[in-house]
Structure formats: C-alpha cells, structure tokens
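Colleague: I should like to ask for a close look at one part of this model. The sequence and the structure are shown below.

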Amino acid sequence: MRELRIKANGIEVNVAIAGQGPAFLLLHGFPHTWRLWTEVVPHLARHHRVIAPDLRGLGATTGSGGYDAGTLADDAEALLDALGEPEATVAGIDAGTPPAFLLAMRRPERVRRVVLMESLLGRLPGAEEFLAGGPPWWFGFHAVPGLGETVLAGHEAEYVEWFLDAGTLGRGVPAAIRDHFTAAYTGRSALRRAFEHYRAMPESARQIADAVAGGRLTVPTTAIGSHPVGDALARQLRPVADDLTEHLIEDCGHIIPLDRPDALVPLLLG
C-alpha cells in the first residue's frame, strides 16, 4: 500500500492505493481517515485496485470549503479521473455515504456497484423510526458554527475515543489507529473542517432530494446496517433503488470496517 497526493477538483487529495484490477473506491466518515479501511484493504486488494482517500478537509486532504455531499461526489469522480479509472465499485460509510449515493445517481456510468453503510440520506422517507427521538445529539452540537472547535480544543483525544468506543460497542480499535484518528482531528482548524461537513448537511439533503426527484438509483446497490442505524438506510433506499440488496450485521457497532471486518469483507466482495 502506498499513499499519494493527487490534485483533483481544486484540492490535494491524500489517497492510499493498493492492488491491481477493477477499481474499488472507499469513502470514510467521522472521526476517521482512510485508515478506517485498514482491515479491509488487504482482502480487496487481492483482486482490485483499492483507492481509499481522506475526504475533503479531513486527514491529510486539503480543503477550505465545499463540504456538501455533491462536492464530495465531484471530488471522488475527479480522483478517479486523475487515476485513469473510468469506473469503480464505490463504498461509503457515515459521511461517505451521501457522496457515494450522489455519485451513483448523477454518474451511473462511473459506478459498477455502490455499497452504502450506516448513514442516512438526507430527509428521504424511511428513517422516521430511527429519528423518532431526534437525530444523534452530536449532529446539533457540530452544526453550531464555532462552538464545537472552541469547546473541544485540548480534549480531542477524549472526544474521538468516545466515538471509537461507541462505534465498536465498547471493544475499541487498535491503539495505532486510535492515535492516528486523534492526531487527524486535533486542533481547532482540524475540528472546524470536520464540523463543516455537518454544517453542510442541509445543502446535502437538498441535493439528495433533487437527485431522487429527477431520477432513480439504477446501479446495483447494497445497503449494510449495524448499530445504531440498522435498516433505516435500506428503508430510505427501497423506493428509489432498482436493484437493492440489504444486509444487517448483528453484534456490530457503527464502525463496521474496524469492528467486524470479518463480516464486512464477504459482503464487499459480493
């Protein structure tokens, strides 16, 4: 595996690449970097060219704006262009799910198959039960301009570790990966860029609604849920996807690639 710096869509993308074969693009979420996929990449790389970038403004990828899902989808397409890949299987989790969805909706000829995990797609119907008690508490906290990065400065390690523990049902992640994630989200600037992804969610939701109003998801789609999202994402996808396969992984936290790679890898390879 090697890390490269690739200019794409006006930013410099930090991307890990491994293997040869049909492209497999992996989009992470919060509070992660491409290393979210550490346990998955070696298996995929046996038969694929695995492309795992840090999302715009996160990890070592630059970016001072444009954190809506549509721009992130453009980033992904531009990265494929820069790497000479006409199409790819695309997998997204958490914050990586909406851009993966929009890429498949807008440019289906570039996506062989899309795998969507542990996230919601804007305000599409189907997630009412999951949202009955309101969205997760951190969505509102992160959305307030300037608040999160001010309150959390100096306490990034504790905050990141809370998400890693909750996202693995208390099992945690390897120390080296935990430390890497913590370093990637330390400092007010790094936190601000992360929280701008949440502040862009209303725009992302509008983009998703517009995409669904104008067409259907025609590429083969796999929805994978665990805890806490469960089947809410699949419920949102059922009315709009032509070819949908659903999976629910038991005894698995939100951070599926690190918590249950043994269950995830066979689903990704399909």
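Is Asp-94 buried or exposed, and what is its relative accessibility? Please set the answer beside the other loops and the enclosed spaces.

Modeller: The model is a predicted one. Asp-94 counts as buried, because its relative accessibility is 15% and the cut-off for a buried residue is under 20%. The residue sits in the loop that runs from β5 (88-93) to α3 (97-106). Its backbone also deserves attention: phi of Asp-94 is near 55°, a positive value in a residue that is not glycine.

A second non-glycine residue with positive phi is Glu-118, where the angle is about 45°. Glu-118 belongs to the loop between β6 (111-117) and α4 (137-143). With a relative accessibility of 1%, Glu-118 is buried as well. The loop between β6 and α4 also holds Glu-129, but this residue counts as exposed, at 67% relative accessibility. From Glu-129 to Leu-116 the separation is 13 residues in sequence and 19 Å in space, taken from C-alpha to C-alpha.

The enclosed spaces come next. The structure contains 2 cavities of 30 Å³ or more. The second largest has a volume of about 30 Å³, and its lining consists of Phe-30, Leu-58, Ala-95, Ala-194, His-197 and Tyr-198. By class, this lining has 5 nonpolar residues, 1 polar residue and no charged residue. Phe-30, one of the lining residues, is joined to Pro-31 by a cis peptide bond with omega of about -5°. Pro-31 lies in the loop between β3 (23-27) and α1.

A cis peptide bond also links His-227 to Pro-228, and here omega is about 15°. Pro-228 is placed in the loop that connects β7 (221-225) with α10 (232-237).

The largest cavity encloses about 100 Å³ of space. Its lining is made up of Ile-11, Val-13, Leu-27, Pro-53, Asp-54, Leu-55, Arg-56, Thr-61, Leu-72, Asp-75, Ala-76 and Leu-79. Two elements, β2 (11-18) and α2 (69-82), each provide at least two of these residues. The largest share, 4 residues, comes from α2. In terms of class, the lining divides into 8 nonpolar, 1 polar and 3 charged residues. Charged residues are thus present in the lining of the largest cavity, whereas the lining of the second largest has none.

One further loop residue completes the account. His-48 is located in the loop between α1 (41-44) and β4 (49-53). His-48 is buried, since its relative accessible area is 16%, below the 20% limit. Leaving aside residues up to four places away in sequence, its contacts are Ala-18, Gly-19, Gln-20, Gly-21, Pro-22, Phe-24 and Leu-269.

To return to the request, Asp-94 is a buried residue at 15% relative accessibility, and its phi is positive, near 55°. Among the other loop residues considered here, Glu-118 is buried at 1% and His-48 is buried at 16%, while Glu-129 is exposed at 67%.

Definitions and conventions: Residues are numbered from 1 along each chain as its sequence is written. This is a predicted model: local features need pLDDT of at least 70, side-chain atom pairs count only at pLDDT 80 or more; totals for chains, interfaces and linings use all residues. Side-chain values use heavy atoms; hydrogens and water are left out. Buried means under 20% relative accessible area, exposed over 50%, partly exposed in between (1.4 Å probe, protein chains only). Contact means heavy atoms within 4.5 Å. On a 1 Å grid over the protein atoms alone, a cavity is a set of points where a 1.4 Å probe fits but cannot get out, and a pocket is an open set with protein on both sides within 12 Å along at least five of seven lines; lining residues have an atom within 4 Å of a point. Grid points are joined across faces, edges and corners, and a volume is the space filled by probe spheres set on the points. Ala, Val, Leu, Ile, Met, Phe, Trp, Tyr, Cys and Pro count as nonpolar, Asp, Glu, Lys and Arg as charged, and the others, Gly among them, as polar.
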